[in-house]
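Visitor: I should like a close look at one part of this molecule and at what surrounds it. Please begin with a point of detail and then proceed to the part itself.

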Amino acid sequence: MGYMLSLILLALLAHATSISCQNILEQRMNIIILAGQSNMAGRGGVANHSVRGIPTWDGDVPPQCQPNPWIFKLSADMAWVEAREPIHADIDVKKTNGIGPGMAFANAVLSKDPNFGLVGLVPCAIGGTHLSQWQKGGFLYEQLVKRAQMALRSGGAYKAMLWYQGETDTLYKQDVELYQGRLKRFFNDLRSDLQAPRLPIFQVVLASGQGRYTEEVREAQLKIELPNVENVDAKGLPLEPDGLHLTTPAQVRLGDMLAHAFLHFQPNPLNTNHSPPIFVPYFFIIAQVFWMVISFS
């Protein structure tokens, strides 16, 4: 029996490492872009615990945010790796990251739709950023496009962008007045540059703000009139003691809300892009081979 298992393992490994994988290994990555500022990057469980006031993450990862062999993320060095919290730790490097909505979203999608396939999260959010910094030509915009295009080239298809931004734009009236126009331009430019004109965008409407114009920014977000842009309202979700960032339970709830909106939206036609030959992360192949071998024993 041991000899037979060894032969099976070698055969599976030889087959799995080829580009044209079959059956369970022949999976395209369902690409989900995560963009915006701190509440998308994740500050759940982050607080000032030291006398020096340095923010630290409590390390608590709820069940809804645990790693899943079907969930990957595009790392800062453009490689598909197993997704685990904090998702944005290597992206939003100047801040302390905690729990965001990304993992809760991905796990909820897979829980509600077991046949969905591989989830490829592309984290791009940076805390404390203004919408003006996400306009075409700026560093954040160009990085987002670069990372999304790399995800597509490595094998996959764009499924959605989850967008949560605006807290910083509540500080000054001029930013509020320009917000809706900037937002429409950003969404249109991104879809054009990704060659995905019908890319579904799920915008989180603000739960909080840094300034006095939170309601005005919320109104601008709610009144956005673009096709395939869906609003998910975060108002009323619990906040950390800073009154700005969502708590870990709130992020879990938001992830579930986004998953519900995403799956409800799925029947709409997409056909926004074409992906290259299939790429399957190596450690995913090994994991699948391992479970296949176990099943024979």
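What is the relative accessibility of M78, and how is this residue classed? After that, which residues of β8 are buried on one side and which on the other?

Guide: The model is a predicted one, and every value below is computed from it. M78 has a relative accessibility of 22% and therefore counts as partly exposed, since buried is reserved for values under 20%. The residue is placed in the loop between β4 (71–74) and β5. Its phi is positive, at about 65°, although M78 is not a glycine. Most residues other than glycine have a negative phi, and most peptide bonds are trans. Q195 likewise has a positive phi without being a glycine, here of about 55°. With 62% relative accessibility, Q195 counts as exposed, and its place is in the loop between α5 and β8. A cis peptide bond joins E85 and P86, with omega at about -5°. P86 is found in the loop between β5 (80–82) and α3 (102–112).

I turn now to strand β8. Five of its five residues, 201–205, are buried, so the strand is largely enclosed by the rest of the structure. The burial extends to both faces: I201, Q203 and V205 are buried on one side, and F202 and V204 on the other.

The sheet supplies the setting. It is an open sheet of seven strands with mixed pairing, in the order β5-β4-β6-β1-β7-β8-β9. The edge positions belong to β5 and β9; each has a single partner strand, so one side of each is left without a neighbour in the sheet. From one strand to the next, the twist averages 30°. Helix α3 packs on this sheet, where it touches β1 (29–36), β4, β6 (119–123) and β7. The direction of α3 makes about 165° with that of β6.

Within this order, β8 stands between β7 and β9. Its pairing with β7 (residues 156–164) is parallel and comprises three bridges. Across this pairing, L162 stands opposite F202 of β8. Between β7 and β8 the chain passes through helix α5 (residues 173–193), and this β-α-β crossover is right-handed.

On the β9 side (residues 229–233), the pairing with β8 is also parallel and comprises five bridges. I201 has V229 as its bridge partner in β9, and F202 has E230. Helix α6 (residues 214–222) joins β8 and β9 in a right-handed β-α-β unit. The helix lies across β8 and β9 and runs at about 155° to β8.

The contacts of one residue of the nonpolar interior lead back to the strand. The largest nonpolar core has 78 residues, and M161 and W163 have the most contacts inside it. Helix α7 (residues 248–265) gives the most to this core, namely nine residues. M161 touches I201 and F202 of β8. Leaving aside residues up to four places away in sequence, its other contacts are I33, A35, L144, F186, F187, L190, L199 and P200.

Beyond β8, the chain enters the loop that leads to α6, and S208 has its place there. S208 counts as buried because its relative accessibility is 4%. A polar atom of its side chain lies 2.5 Å from the backbone oxygen of L244. Among residues over four places away in sequence, S208 touches N39, E167, T214, L239, G243 and L244.

N39 also appears among the contacts of Q251, a residue of helix α7. Q251 counts as buried because its relative accessibility is 0%. A polar atom of the Q251 side chain lies 2.8 Å from the backbone oxygen of N39. Again without residues up to four places away in sequence, the other contacts of Q251 are G42, R43, I99, G100, P101, A104 and L246. The C-alpha atoms of Q251 and A234 are separated by 9.5 Å, the two residues being 17 apart along the chain.

In summary, β8 is buried on both faces and pairs in the parallel sense with β7 and with β9.

Terms used: Residues numbered from 1 in each chain as written. Predicted model: local features only at pLDDT ≥ 70, side-chain atom pairs only at ≥ 80, totals over all residues. Heavy atoms only, no water. Buried < 20%, exposed > 50% of the residue type's maximum accessible area, 1.4 Å probe, protein only. Helix = DSSP H or I, 4+ residues; strand = E, 2+ residues; numbered from the N terminus. Pairing = 2+ DSSP bridges. Right-handed = clockwise from strand over helix to strand, strands pointing away. Core = buried A, V, L, I, M, F, W, Y, C linked by side-chain atoms within 4.5 Å. Contact = heavy atoms within 4.5 Å. Polar contact = N/O pair within 3.5 Å; in protein donor to acceptor, adjacent residues only side chain to side chain. Axes fitted to C-alpha atoms, helices over the stretch in contact; angles between N-to-C directions.
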